[in-house]
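Visitor: I would like a close look at one part of this protein. Please take me through the metal sites, and then the strands beside them in your account.

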Amino acid sequence: MSPTSDEKAKAHSSTQNKEDLEGEHNEWKFRVPYKVHENDKNFKALYEGSCHCGRVQYQLSREKPLDAKFCHCSTCQTLHGAPFQWAAIFHKEDINFTHGHHDLGWYDPGEKTTKHKLPCKVSCSYCRSPIMDEGRNMILLFPSLIKFKDKKEKHNFDPTCHMFYGKRLYDFPDGLPKWSGLSGDSDLIEDSPPEAIKKRKREVEEKEKEDEEGKSEKK
Ligand SMILES: [Zn+2]
Ligand SMILES: [Zn+2]
């Protein structure tokens, strides 16, 4: 979707360098989540976050993420230089970059290129702090960048599960559901809650039954 002439005029009035806005390779700047909501009175800023150097700053308008998870996959371990990643899922409309949103760097872990190809990793192009993973429909923000006012605020971002726990570098005996791979699409292992394991077992059995029935119908 190309930016409208109105959107372009607005962007041109707030930037010095016109070349930064023209052309197909700059169209992302007019799309969520990068579109600036600064003139949007309806954007309610509940949280603020920033990268290490402070060039990239953003606000969030949703009190509780749609979900929050710890990911222990090897890509997260390498790209974050940490044993696991803490990610909170938001809609692209929930974020408003107030500074440095045009100074972001991309990395596509699939093709190992620095192109803005979804899903991709988004970082500050100056200090290299990881900012978020941008998916096709959602963003996965890293809450460590948010300045929480109190414990209650941070509590909203508590993880609901661990995923790729099979790849973990350390154990987290916290009683949360632990997926061996992708959440909702692998086995629940270790100290996952027994009722969650039972539920998962039922789902897998039902799925197997459906697949069986599907097969016999086709015959
Ligand atoms: Zn930075
Ligand atoms: Zn991961």
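Guide: Cys 51 is buried, because its relative accessible area is 5% and the cut-off for buried is under 20%. This is a predicted model. Cys 53 comes out otherwise: at 29% relative accessibility, Cys 53 counts as partly exposed.

Both residues serve a metal. Cys 51 and Cys 53 are among the protein donors of the zinc ion (ligand 1). Cys 124 and Cys 127 complete the list. Each of the four donates through its SG atom. The donors lie 2.3 to 2.4 Å from the zinc ion.

Now take the second pair. Cys 124 has 1% relative accessibility, so Cys 124 counts as buried. Cys 127 has a relative accessible area of 24%, so Cys 127 is partly exposed.

Look next at how the donors sit along the chain. Their spacing is C-x1-C-x70-C-x2-C. In that pattern, x70 stands between the second and third cysteines.

What is the geometry of the site of the zinc ion (ligand 1)? The site is tetrahedral. The angles among its four donor atoms are 104 to 111°. These angles count as tetrahedral because all of them lie between 85 and 135 degrees. For four tetrahedral donors, the ideal angle is 109.5 degrees.

Move on to the zinc ion (ligand 2). Its protein donors are Cys 71, Cys 73 and Cys 76. Again the SG atoms do the donating. They lie 2.2 to 2.3 Å from the zinc ion (ligand 2). The spacing here is C-x1-C-x2-C. Cys 71 and Cys 73 are both buried.

What about bonds between cysteines? The count of disulfides is zero. A disulfide would need a pair of cysteine sulfur atoms within 2.5 Å.

Cys 71 leads us to the strands. Strand S3 covers residues 67-71. Strand S3 pairs with S10 in the parallel sense, over three bridges. Within this pairing, Lys 69 stands opposite Cys 161 in S10.

Now step back to the sheet. S3 and S10 belong to an open sheet of seven strands. The order is S6-S7-S8-S9-S4-S3-S10, and the pairing is mixed. Strand S6 (104-107) and strand S10 (161-163) are the edge strands. Each of them pairs on one side only. From one strand to the next, the twist averages 30°.

Conventions: Residues numbered from 1 in each chain as written. Chains lettered and ligands numbered in written order. Predicted model: local features only at pLDDT ≥ 70, side-chain atom pairs only at ≥ 80, totals over all residues. Heavy atoms only, no water. Donors = N, O, S within 2.8 Å, 3.2 Å for Na, K, Ca; no water. Tetrahedral: all angles 85-135°; square planar, octahedral: opposite > 155°, others 65-115°. Buried < 20%, exposed > 50% of the residue type's maximum accessible area, 1.4 Å probe, protein only. Pairing = 2+ DSSP bridges. Helix = DSSP H or I, 4+ residues; strand = E, 2+ residues; numbered from the N terminus. Axes fitted to C-alpha atoms, helices over the stretch in contact; angles between N-to-C directions.
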